[in-house]
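User: I would like a close look at one part of this model. Please concentrate on the charged side-chain pairs, then add a few words on strand pairing.

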Amino acid sequence: MSESTPNSGPASGDTTPEPSSKPKKSKNLLVMVAAIIIALILVSVVFLAVDWGGTDTPDDGDDDDDDDDDDDDDVVPPVMEVTATATPAGPETVEAGEVLMLSVSSVLLNVNTSASTSYDGEDNVTYKWGRDPITLGALDSTSGRFVNLTAADVAMSGTVFCNVTYTDEDVYDVVSVSVTVNPPYLVSVAVTPVTDTILIDDVGVFEAKAYDSVGDQMSADVTFAWTVWGIDTSDYSLNATTGYIVEFTPTSMTSGSVLLNVTATSGDIDVSGTSTITVTDVALTERTVDYYWYDMFEVPFGDWFEWRDDEVPWSYDAAPYIYNWTGADLDNIWMYTMMRMDVTGVYMDEINMNSNPVFLPQLGTTSGGTAVLDWYHSYISYDDAQEWNNVKNWYDGWISIMNGTTTLDYDAAMSVIGMPSDQWDTFDTWWTGAQDTVIYDWNAWLDDQGNIVYDIYSMYEWPLQIMVIEIDAEKVGDNIVLTHRLVSWGWEALMARWLCASFMDDNEWYTEDFNLNAEIGPETTNLTISTAVEYAAYAYQTTDDGVECWEWEALSGDYVETYDADWISEYDVYADKTYINLAPGSVLYDTEMIYDYVPGVFNLSDDETLSFTWPAGDQMFVHHIAAGSYSLVYAPMTVDYAEPMGVDFPGQITIDATNRLITYEGPIDMFTWSRDQTRAVNLASEWDRLGLLPYGMPTIEFRLDSGKLLAADESLTAAAAVPSALAEDSLASVSSSATVPEVAAGASASSEIAALTAVAMAAFMVLLALGQCVRRAGNKR
């Protein structure tokens, strides 16, 4: 479900706009004339009083002298020149990518008297730097006495020049320095994976990459030669000894480690890299991932909800924590509750430091090592946002903040932050000079991840926009500890993309109070996640009999059509499809509406489980009365229907009504089952109609237990339970029509109150829009 797009991006700090034109003020004409005359007199006096150092012109004896009327001599201003010199004077030869420091000095020379004065640092001297050709390199400034030239990444020659101007006399000098840039040269070679564990007779594939002195991968003029150390030649096979890719196959056990070495050669330069291999006859420890959903109605609201104009909590003070979300169509209102989700994964080979650290950049040219993440993100509170102007000025309740630490060993420090191998013992000194570069490069990597690689726009309706990024580092024992603080629009969406792309198959959720603890090793990762999930379950009616329920379904994040070819939105195929709205109390009840979300699929492999628990005791359910009206009923909750169910996957899907737990055990291909099954009639007919997945798999109905329904008079909600302004709200759904038992009916709010409320809310929103431009974002179903 879409959110409105802001009109403009955030400011970088407090700014006070200049008026479009300065105010006009009238002046007395006589006063102005008098002021001009006085100014001219003062200028003339000063001019005549200055000793310009010139010479007297002899009287030519002509009484009709044109130059003066009563003097024998004329005053002639001196001839002034500027003379500049550069340091170094050149010619200079630098390596590709090297920084050349340049400076210029200047003197003001009186040609008549040969007197000169240094004008370095004077305000009336300007400096204008340039280079020819412009591709010679990058200047960190084009003004001032001192500049740094970062040489080009390729071989070339040219000049760096500076125009030095003495503004008072409008005289100048140009000085130049000849610069030759040497070509890049081979400096390192890296092997991927840097470590590996291989079973006997299994094949390991290894790739070598050579890097030059400017950090670019070399694709030409370099050769590779492979050797194996620590194992007899009869105990392994190598498919080749040259080339950038080889296959290593152990045929018997060996003691200690096997070293696969590669030597890269370019011209007369040789560099080497190594991968460490463990040969074993025991299979790797089994990978497992377990998902557990719980705390329905029990996740309280943060104060950021107060700033969201499309999400209205029923109560901030006590459970059940339920809120209304309003779509672009103001009649399209959903009633939601959050849940918590815990994830525990061990030996997950899809996340590793050798080739895919997922959450971390690889700013260096190597890979491998171990990184330990202790990260936390949520939405930033209004009070905490006051620390930064560009955060507080654009506060809308959707700005996220991530705090945490990342601990890196030696190899991981070289990989993640690009620490040179010889700076381990002097890390703090290196970090002092490298910190700004690391922050800049990390920020650029995040921008690429959020806006190109995993473009969040189609699930956030706004790009990843980083407002604050802070990274510090220190060496602690045998590790480097990075401390992060990052404030942005869209971090939670990027995290959802990362999780989906790495292991959480086709599921993308908005999260808050998100804790990530992960140990990412060279080959596998162990992690735990504990988070609150927004839009986890929504008020609904059961598929078969129309009984009140709260429904959970798997979701994908996209809800906006493709706007850029970098990322093809999954919403595109749903943009012109409809479903029947059968939401309790909805104004749109029993009408077709365009899809406002993309169904997801929670496929499970044979090492994964997915479990849900539901609350004990009487729960609040929403009962449909008529379009625009509903009542609340209370009864215990149960689960007796889901898609798929145990009958579809015997022994893999169980419902424990006593302990209130439903569990799915992989492997389960929920997408294929959904498309091909015939048992669930509504699901099959919707597949036939759409040719697409109609709703998320699995879908679980946490329904009112009809056998334990309270009496009608007990079903009426107390006045404080739902604000009166919300009593007319409705929700959307994807279900078939059914009759609700009369005993569930309660009192509905009047249509007159609904109309007045709508008018009041509309007026409030107009005033709010005039007061400030805020951003709203997020998929809501």
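Which side chain meets Arg497 in a salt bridge? Please take that pair as the starting point and work outward.

Analyst: The partner is Asp558. In this predicted model, the side chains of Arg497 and Asp558 form a salt bridge, with 2.9 Å from N to O. The two residues sit in distant parts of the chain, 61 residues apart. Arg497 belongs to helix H7, which covers residues 491–502. Asp558 lies in the loop between strand S31 (555–556) and strand S32 (578–581).

Next, the surroundings. Arg497 has a relative accessibility of 2%, so it counts as buried. Asp558 has 1%, and therefore it is buried as well. The cut-off behind both calls is under 20% relative accessible area.

Now the background. Side chains of opposite charge can pair when their charged atoms come close.

A second pair joins Glu311 and Arg308. Their closest N and O atoms are 2.9 Å apart. Glu311 is at 1% relative accessibility, so it is classed as buried. Arg308 is at 3%, so it too is buried.

Arg675 and Asp676 give another salt bridge. Here the closest N and O atoms are 2.9 Å apart. The setting is partly exposed: Asp676 has 48% relative accessibility, and Arg675 has a relative accessible area of 42%. Neither value passes the 50% needed to count as exposed.

Salt bridges can also join up into a network. Arg287, Glu350, Asp607 and Glu608 are linked in this way. For the whole model, the count comes to 17 salt bridges.

Now to the strands. Strand S10 (residues 156–166) runs antiparallel to S11, and 11 bridges join the two. One of the bridge partners across this pairing is Val175 in S11, which faces Cys162. S10 and S11 form a hairpin with 4 residues between the strands. Asp170 in that hairpin takes a positive phi near 55°.

S11 has a further partner. Strand S4 (residues 92–94) pairs with S11 (residues 171–181) in the parallel sense, over 3 bridges. Val94 has Val181 as its bridge partner in S11. S11 thus takes part in an antiparallel pairing with S10 and a parallel pairing with S4. In a regular strand the side chains alternate between the two faces of the sheet.

To return to the starting point: Arg497 and Asp558 are paired at 2.9 Å, and they link distant parts of the chain.

Key:
Residues are numbered from 1 along each chain as its sequence is written. This is a predicted model: local features need pLDDT of at least 70, side-chain atom pairs count only at pLDDT 80 or more; totals for chains, interfaces and linings use all residues. Side-chain values use heavy atoms; hydrogens and water are left out. A salt bridge is a side-chain nitrogen of Lys or Arg within 4 Å of a carboxyl oxygen of Asp or Glu. Buried means under 20% relative accessible area, exposed over 50%, partly exposed in between (1.4 Å probe, protein chains only). Two strands pair if DSSP finds at least two bridges between them.
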